[in-house]
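Please find below my notes on the model you sent, set out as numbered points for your consideration.

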Number of protein chains: 2
Amino acid sequence: MWKVSTQQRRERERAQRHDLIVKTARKLAESEGWDAVTTRRLADEIEYSQPVLYSHFAGKDAIVAAVALEGFTELAVRLRAATRTGEPRAALEELARAYMAFAEENPALYDAMFTMAVDLPFGQDDTPEPLRDGFQALLSGVAQFAGGRDPGILTEVAWSALHGLIVLSRGGRLPASGREARLALLLDQLSATR
Amino acid sequence: MWKVSTQQRRERERAQRHDLIVKTARKLAESEGWDAVTTRRLADEIEYSQPVLYSHFAGKDAIVAAVALEGFTELAVRLRAATRTGEPRAALEELARAYMAFAEENPALYDAMFTMAVDLPFGQDDTPEPLRDGFQALLSGVAQFAGGRDPGILTEVAWSALHGLIVLSRGGRLPASGREARLALLLDQLSATR
DNA sequence: TCATCTGTCTAGCGATGCTAGAATGTGGAA
DNA sequence: TTCCACATTCTAGCATCGCTAGACAGATGA
């Protein structure tokens, strides 16, 4: 009944608006916090009415999840870019710093990825590619210090420690002053092969 | 104008109701999650009307903070009780296990303490006693492995790692299967003096 | 017995996520 | 060009949230 070309244009426009919603939600969250990201406010920003959001996403949580997914892709890229150094200890440090820098530069995004959205499949078969890729990048930097131990487990512990530092620092649970000292100590711990 | 005894009775009753609110909020959060802890629901449970809550607390956040404070006290007691073993490595393990057990047995409480409530003073001079005490308990178990390093920093890193493991496991970010392996590896890392 | 004052409740405000049904506008057929 | 059909978008509203003003009730001391 409808021309094929018309249908394609519509799908293209829908995809663009889908992206616009995600980008706007992210920008808004980053500049004013996730509390400011209400469906009304978001609808205003994209210059459409509220129900339009629900023709793209099942609900607000799905929008947050979409933002988080975008974050995983960027984090993976960033970690990949930080795994090119030669010397092991320096490589590990660069990797850790890349992770922490990402979290600091995109606090709202990081929250969406690791504290808010719960409905993303993580350790399972249908885990999105970017998630898997980011973990692999971390693993590549940590693995050489595994010695006889399981590199996967070591990576999980390293990741947990980094995440813990980030999230406790952000909430004011850890003083901002000791930042560098803590990172240095963690890197020492991790890079001690045995 | 008012009898002293009357006034005392009233203050006693107020204190009891204050406790009732905190206990009820905690129980409700633990059994149905913090989303179920609405002011209306909470008022229903304590068999008073909503405004009564606001005569005790500035708002819902203050109630959560009160629950969190109770949690800090309990955690401190628990950690203190786990610092009595002789052999250092065993003492450290017992301490770590006590911390993780507390988080697992009281997930909602742990969330209130470390993820939700933001208005509790942490690393400052007016930090509540239980917070300081819990940190000291952790420190007492970790310090002997510090070697030449700053025991405070080491404790902060150890705490971060534990917290990271807990919070990532809970969100499904880490598979439940490797739990013991991750803890063992972390303890190895921490107990390696250098 | 009465007046007063404290404590409690009813009712309501603005804002939230979400949705049903009306209105709009676009595309193809006559 | 006119008209109909259908997809798309919007207006308006629901239930619920945290929070509060003002009415109501009950206890207290004179």
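1. In this predicted model, Glu47(B) is exposed, its relative accessible area being 69%, and the residue sits in the loop that runs between α2 (39-46) and α3 (50-56) of chain B. Its phi is near 60 degrees, which is a positive value in a residue other than glycine. Most residues other than glycine have a negative phi, so the backbone here deserves a look when you go through the model.

2. Turning to chain A, Glu47(A) likewise has a positive phi, of about 60 degrees, although it is not a glycine. Glu47(A) lies in the loop between α2 (39-45) and α3 (50-56) of chain A, and with a relative accessible area of 70% it counts as exposed, the cut-off for that term being over 50%.

3. As for the relation between the chains, chain A is superposed on chain B by a rotation of 180 degrees with 0.0 Å of shift along the axis, at an RMSD of 0.1 Å, and that is the relation of a two-fold axis. Because 100% of the interface residues of chain A are also interface residues in chain B, the copies meet through the same surface.

4. Concerning the interior, the largest nonpolar core comprises 124 residues, and those with the most contacts inside it are Tyr99(A), Phe114(A), Tyr99(B) and Phe114(B). Leaving aside residues up to four places away in sequence, Tyr99(B) touches Leu75(B), Leu79(B), Tyr110(B), Phe114(B), Trp159(B), Leu162(B), His163(B) and Ile166(B); Phe114(B), one of these partners, is thus also among the residues named for the most contacts inside the core.

Definitions and conventions: Residues numbered from 1 in each chain as written. Chains lettered and ligands numbered in written order. Predicted model: local features only at pLDDT ≥ 70, side-chain atom pairs only at ≥ 80, totals over all residues. Heavy atoms only, no water. Core = buried A, V, L, I, M, F, W, Y, C linked by side-chain atoms within 4.5 Å. Buried < 20%, exposed > 50% of the residue type's maximum accessible area, 1.4 Å probe, protein only. Contact = heavy atoms within 4.5 Å. Least-squares fit on C-alpha atoms with pLDDT ≥ 70 in both. Helix = DSSP H or I, 4+ residues; strand = E, 2+ residues; numbered from the N terminus.
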